[in-house]
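Reader: I would like to learn how to read an enclosed space in a model and the molecule it may hold. Could we go through one together?

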Amino acid sequence: MHIFYGKVALIAYLKTIKSTNSTLGFVPTMGALHQGHLALMQRSLKENNDTVVSIFVNPTQFNNLEDLEKYPRTLEEDVKKMRGLSDKIILYAPSVDDIYEGNTMSQSFDFDGLENQMEGKFRPGHFNGVGTIVKRLFEIVSPTNAYFGEKDFQQLQIVKKMVEKHNLSVNVVGCPIFREENQLAMSSRNERLTPAERKEAAIIYKTLTEAKEVFKVKSPQETIEFVENSFRNNERFELEYFVIADESTLLPVEDKIKDKNYRAFIAVFVNSIRLIDTISLN
Ligand code: AMP
């Protein structure tokens, strides 16, 4: 496994392995790797000649300092997990300075409104941070294919939009959500839950699947009320938002229209730990 901590050496190395028809896969992560991340890597390894994985906790996409400071950093463990998967992975684990060169600021993006709801609404500045880091990483790695999880569905749509608007020559691939045994969506933040919280966090996906059934026969508003009521008397889990949106515009839906694809999005706090999940409603 090749490990690079600086972009200059990484770029030089990538030049030596690139040939006319070779493809390069890329999996950006913030580390504390779990099975969901490894599944993205496996797919990239299968579909490309070479695969770069980045591990970088990007400060500009955090709107909450405590969340940034407490974000798990487990590079040694992560390297072991990647070695277990394949010794072909090229790891890029830069410092903040290697990426931001002394100016740790976000660029401003226009994602045609995709950024205004849900994560964008509740985490001001988040998607400018995401756009900034993903664009910068794309410029450094120049991948053929880049792999993103549907767990962060809004992020996936936003990255696709950025690629389109900035004419970047990378193919963005969305990958299914990996779940724990109790169906809790895998997340690096799950490591911060107590065993009891982690077990009980099954309520998030359970409520989403119930909401999907409710949505089949009821209005969007009635489905939202169903979910809000499910969390109302729960002392451990605090609902931040539940939104039903059109999958392509991400705008909240008021009335169902035939042949449109809808998706439900949820964010829940357990103590100060924020968990998100999503489900297709079609
Ligand atoms: P993160 O390290 O949380 O920034 O995630 C890095 C990439 O892994 C993103 O594209 C995420 O959407 C994806 N990812 C995170 N959790 C999961 C999961 N449970 N299943 C599939 N992909 C995931």
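Reader: By class, how many nonpolar, polar and charged residues does the lining of the largest cavity have?

Author: This is a predicted model, in which local features need pLDDT of at least 70 and side-chain atom pairs count only at pLDDT 80 or more, while totals for chains, interfaces and linings use all residues. Residues are numbered from 1 along each chain as its sequence is written, and side-chain values use heavy atoms, with hydrogens and water left out. A cavity is a set of points, on a 1 Å grid over the protein atoms alone, where a 1.4 Å probe fits but cannot get out, and lining residues have an atom within 4 Å of a point. Here the lining of the largest cavity has 24 nonpolar, 14 polar and 8 charged residues, with Gly counted among the polar ones.

Reader: Which element gives the largest share of that lining?

Author: Helices (at least four residues) and strands (at least two) are DSSP runs numbered from the N terminus; in this case H7 gives the largest share, 6 residues.

Reader: Where does the ligand sit?

Author: A molecule sits in a cavity if more than half of its atoms lie within 2 Å of its grid points, and the ligand sits in the largest cavity.

Reader: Which polar contacts does the ligand make through its oxygen atoms?

Author: A polar contact is a pair of N or O atoms within 3.5 Å. A polar backbone atom of Met30 is 2.9 Å from an oxygen atom of the ligand, and a polar side-chain atom of Asp152 lies 2.6 Å from a ligand oxygen atom.

Technical notes: A polar contact is a pair of N or O atoms within 3.5 Å; within protein, one must be able to donate a hydrogen and the other to accept it, and residues adjacent in sequence count only if both atoms are side-chain atoms. On a 1 Å grid over the protein atoms alone, a cavity is a set of points where a 1.4 Å probe fits but cannot get out, and a pocket is an open set with protein on both sides within 12 Å along at least five of seven lines; lining residues have an atom within 4 Å of a point.
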